[in-house]
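I opened the notebook to go through one model, item by item. The entries below follow the order in which I looked things up.

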Amino acid sequence: MDPNYVQSLHNLLTRSTSNDTATVKAATAALNTEFYTSPACITALSQIIANSPDQPIRQLAAVELRKRILQKSGALWVNLPQDQRDQIKGHLPDLIVREQNQLVRHSTARVIAAIASHEIPLQQWPKLLPFLHSAMTSPVAAQREIGIFILYTVLEEVMDTLESHITQFFQLFAQLLNDPESFEVRITTCKAMGIIATYIDGEDKDAIRQFQSLLPPLMNVIAQCLDNGDSGGTSALMDIYETLLVLETPLLSRHIPDLVQFLLERGGNRNYDSDLRVSALNGLAWTVEYKKSKVQSQGLAAAILQGLMPITTEPEPEDSDEDAPCRSALRIIDSLATALPPTQVFPPLRTLIQQYLQSPDANLRRGAMLALGVSVEGCSEYMTPIMEHVWPVVETGLNDPDAGVRRATCVALSCLCEWMEDECVSKHEVLIPVLMHLLDDPVTQRSACTAFDALLEIMGDSIHKYLPLIMERFVGLLGTAPISVKSVIIGAIGSAAHASGDKFLPYFHATVDRLKSNLFLTGEGEEIELRGITMDALGTFAEAVGKDVFRPFFSDMMKHAFTGIATGNSRLKECSFLFFGVMARVFEEEFAPYLPDVVPALMESLKQDEKAQEETAADATEAFASGSTPATAIRVDTFEEIDIDKMLEVNSVICIEKEIAADTIGGLFDSTGTHFLPYVEDCTVELVGQLTHYYDGIRKSSLESLLEIIRTMYELSNPTEWQPGLENTPPLDQTIKTLIGHVLPPLFELFETEDNKKVASTLCVALAETLNKVGPAFVETKTSEICTLAATILEQKAVCQQDPDQDESEEAPEETAEYDTMLIASAGDLVAALSTTLGGAFTSLFQTFYPLIVKYYKKNRSVGDRTAAIGTLSEIITGMKSEITPTTEPLLELFYQALSDEEPEVQCNAVFAAGLLVEHSQKDLSPQYLHLLSAFRPLFEVPSNSSLSRWKAHDNAVGAVSRFIVRNSAAVPLDQVLPVLINALPLRHDFLENPPVFKAIFHLFGTNPQALHPYSDKLLEVFRAVLEPSVLDQINDETRAGLIELIGALNKEAPEKVQAAGLGQFVPGA
């Protein structure tokens, strides 16, 4: 080769590393135009690697050589004369052996891998594998390091053509994993194993067995990394472990108990640095996530909890964003609670919590309360019946002498409020005074405000008597609290406004005046957070006091929202989008003038490409590690300026912003109606595009908005009222048909690959809502697809329900996590909507769905599964009406079983379903009345301190008996039934049962008035209660009209009684 050509290339490479931008640009241009278009550059670069005295230039030459070999699918390499290719293949291995600099060695190894990607598939490099074998078995550690690293890089490129050598590789790995001298050899061997693992077929039992035999030494290498404090090695090997976990081939399954124990011991070892322990605990978290079925089937939850609880007691870092072992341990407890059946998690956790709470060590008590808090999300249904035992623990924690325990208890209380609303609201008289006291202590102030926020959000009318005291305290704290606490206080004030509604009006103007200045804050961090929460709170105020009161502030607040968007800060943009949604709900058509500015802002947010930034970070990491970057990126000082964690954090914030933007679009259309029509097409196209986004929150919001757009378009089309069934269906407007045609296919495609249970559940619920709104025309050509979707979930065969370790032929476990139950219930809602929409046309489909639903009512199924099964069947009866008749007997038998269920939630649905079956079946069930009434009788006896479910079961029993009376009052022993029935009125909890109740009353007044005469005074009291204007929505318009007509008739017979009952104002013509 011409030495001048080589020297010119060397000179340009040197100039390309200059600090002068102009010099770099000129050198890069010359390289691209004068050298990198010719195959000769490959030979020249290989000579520079061999001969240059400058290490950075040798490394750069190797980087560039790899790129040229791969350029245009290897065109330059293929066009290089064969003798030169053979010469390069011959000297590169020897060159690496002689090279002293590791970066150059590694970069050159990647050159060999690039060449191998072309040559090995063609069997044109027969000397490579023997060379590698020789190097890896050399007595010289440095040569073993070189050999295994080259093999690792070659496997990355051409493993698919080397599968016949797997056994040979495993034999080598067995030695290299135990290399007596070089830790680098052991780590690189693990990396090579990670590559091979991805190519092992699930049916290749020999390869699986050989790989599994290497797992103990692989775990030993991880242990050595931890023992040596090698965070880089630990991180790399834990990444390999995660790869092994997610593979469908069951490489780890036999070793899961040992792996769990290994990771628990390392994560709990306080002699290790915190980041190393977090790595081990992250590995345990992945194990719970990806090997759920093995953790469940082998009953590992109790042992995991036993190992995690001591870690929860360790101190937390001051920085809320800093990871620590205690936080990792709590995340795993959360994962266990949400991924596994609560019966496997909460009982052993409860035992540990009780032990820790009895300890004199406050750290143990604090850890116990935090563990209780994180377990609630996944165990709330299981915990409901035993809350009487949990509340004393919470109350004791709130009054603990240690401030840390009190703060942790506030956190636990916040979780309870989020997932167990009714139970928490019932304890407000105990909780609010304690929280008020905790507000006085600066140490517990922020935590108490957070708990207050969660409690006030759900209190409803119960807040009214506390509102003056709460507002006085919160407003007072705004003047003294630090900025981080102010944010939580303002959030709590917003929750108070939400709960109190128009009762917030006396505090509205003064509070707005107090908060307005926050909207001008511009500082990063806490100031931005305070500004955003203030915007959220102002939106909540508007919903509470109504548009007439808020109108004077509307324009200015919208300006502040647009200013927040203009900052480019994702948190402020998120808050502005939420504010737009609230303002549209409050002001409806008055919001329309803002749409030309609001919709483009939402669309711009959705069009952001946060993945481009993510790829930049990932590419930079890989490039630096491999030496495969351009010259300017090789310099360490340049690379270190990239904060990858920060970049990924920014991307997650952008994802949340986009989630809110997608969610807001559907609400805007619903609120502004025809004014939004010009934006529907563009928004629909963009939302359909977001259905494939990697972030589940964006997929969820997008599908919800898409289906809300369909429902709103339908409402705006002045539709003809539809009747159940596929015959004589009123035709849809062509625009709506086209819209449905664009939306439904990508939604079905989404479901086929959806791995998130919440998204799949949301899809079912949103489809059900749309079916109930639009009717049979919505699915006239897509009934099969929707049925398949629902059936797939009920069969537990959806992608999000799969576990790689579970054989396809293996039945899914009957005991499931509460999130699994939620998904099953959502599928049931969809089936029920189909029955409502299709009516009699659902009969044949019911034969398919009935066994899929009934299997969820078994003794060993969770309360949620049993409740959902009976509830779904009751809704199907409502939809099918008399067409349910052929299935009357098996349904009645099932409902008898459910009536004797020990859980009030199940009994509630069972008594409702039995009443509906009597009402709609054409089979005369009057011979069953006495048996059913006997089964109902305990539901009428409700202690005053009973759960809401128990009271709802009571109200549903009243409704069921009323349906019996309407269907065949002669078969009802009225002399025994009416005293109990009428004494149970008025209903207090489930007003949806009032229509059948009053239908029965109207029926008896018309057919057998003497039967009601002894109860006339009580009935007049009931009539007055349900007509009370301060309690809304007790009865519907039809029932109200019938009741007023009845009051008029009674007034003619006994006007003094009607007047005495306070019903005079309701007498027609009064």
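**Salt bridges**

I began with the charged pairs and counted 49 salt bridges in this predicted model. The background is brief: side chains of opposite charge can pair when their charged atoms come close.

I looked up R68 and found that R68 pairs with E64, with 2.6 Å between the closest N and O atoms. Both residues sit in helix α4, four residues apart, which is about one turn of the helix. I then asked whether R68 is buried or exposed. R68 has a relative accessible area of 9%, so I logged R68 as buried, the limit being under 20%. E64 has 7% relative accessibility and therefore also counts as buried.

Next I took K573, whose side chain meets that of E657 in a salt bridge at 3.0 Å, N to O. This pair links distant parts of the chain, 84 residues apart: K573 belongs to helix α32 (residues 570-587) and E657 to helix α37 (residues 644-672). I noted K573 as buried because its relative accessible area is 12%. For E657 the relative accessible area is 0%, so E657 is buried too.

My next pair was D901 and R866, a salt bridge whose closest N and O atoms are 2.8 Å apart. Here again distant parts of the chain are linked, at 35 residues apart: D901 is in the loop between α46 (888-899) and α47 (904-920), whereas R866 is in helix α45 (residues 863-880). D901 lies in a loop, yet D901 is buried, with a relative accessible area of 6%. R866, at 7% relative accessibility, counts as buried.

I closed this part with a network: salt bridges link R85, D86, K89 and E119.

**Negative patch**

Which residues gather in a patch of negative charge on the surface? I listed D160, E163, D201, E203 and D204. I followed up D201, which I placed in the loop between α11 (183-197) and α12 (205-213). The relative accessible area of D201 is 46%, so I entered D201 as partly exposed. That value is over the 30% required of patch residues, which is why D201 passes the accessibility condition for the patch.

**Backbone entries**

I checked the peptide bond from L985 to P986 and found a cis bond, with omega near -5 degrees. P986 has its place in the loop between α50 (974-983) and α51 (994-1007).

I then looked up positive phi values. S73 is not a glycine, but its phi is positive, about 55 degrees. I located S73 in the loop between α4 (55-70) and α5 (75-79). Is S73 buried or exposed? With a relative accessible area of 70%, S73 is exposed, since the limit for that class is over 50%.

N718 is also not a glycine and has a positive phi, of about 50 degrees. I found N718 in the loop between α39 (696-716) and α40 (734-753). Its relative accessible area is 69%, so I wrote N718 down as exposed.

**H560**

I located H560 in helix α31 (residues 547-566). H560 has a relative accessible area of 16% and is therefore buried. I also took the C-alpha separation between H560 and V863, which is 48 Å for two residues 303 residues apart along the chain.

**Whole chain**

I left the overall figures for last. How many helices and strands does the chain have? I recorded 55 helices and zero strands.

Taken along the principal axes, the C-alpha atoms fill a box of roughly 120 × 70 × 65 Å. I compared the radius of gyration with the globule rule: a compact globule of 1070 residues would have a value near 31 Å, and the chain has 35 Å, so I noted that the two agree. Of the 1070 residues in the chain, 55% are buried.

Notes:
Residues numbered from 1 in each chain as written. Predicted model: local features only at pLDDT ≥ 70, side-chain atom pairs only at ≥ 80, totals over all residues. Heavy atoms only, no water. Patch = residues over 30% accessible without salt bridge, like charges linked within 9 Å, V, L, I, M, F, W, Y side chains within 5 Å. Areas by Shrake-Rupley, 256 points an atom, 1.4 Å probe, with all protein chains shown as cover. Salt bridge = Lys/Arg side-chain N within 4 Å of Asp/Glu carboxyl O. Lys, Arg positive; Asp, Glu negative; His and termini not counted. Charge placed at Lys NZ, Arg CZ, Asp CG, Glu CD. Helix = DSSP H or I, 4+ residues; strand = E, 2+ residues; numbered from the N terminus. Buried < 20%, exposed > 50% of the residue type's maximum accessible area, 1.4 Å probe, protein only. Rg over C-alpha atoms; globule rule 2.2 N^0.38 Å.
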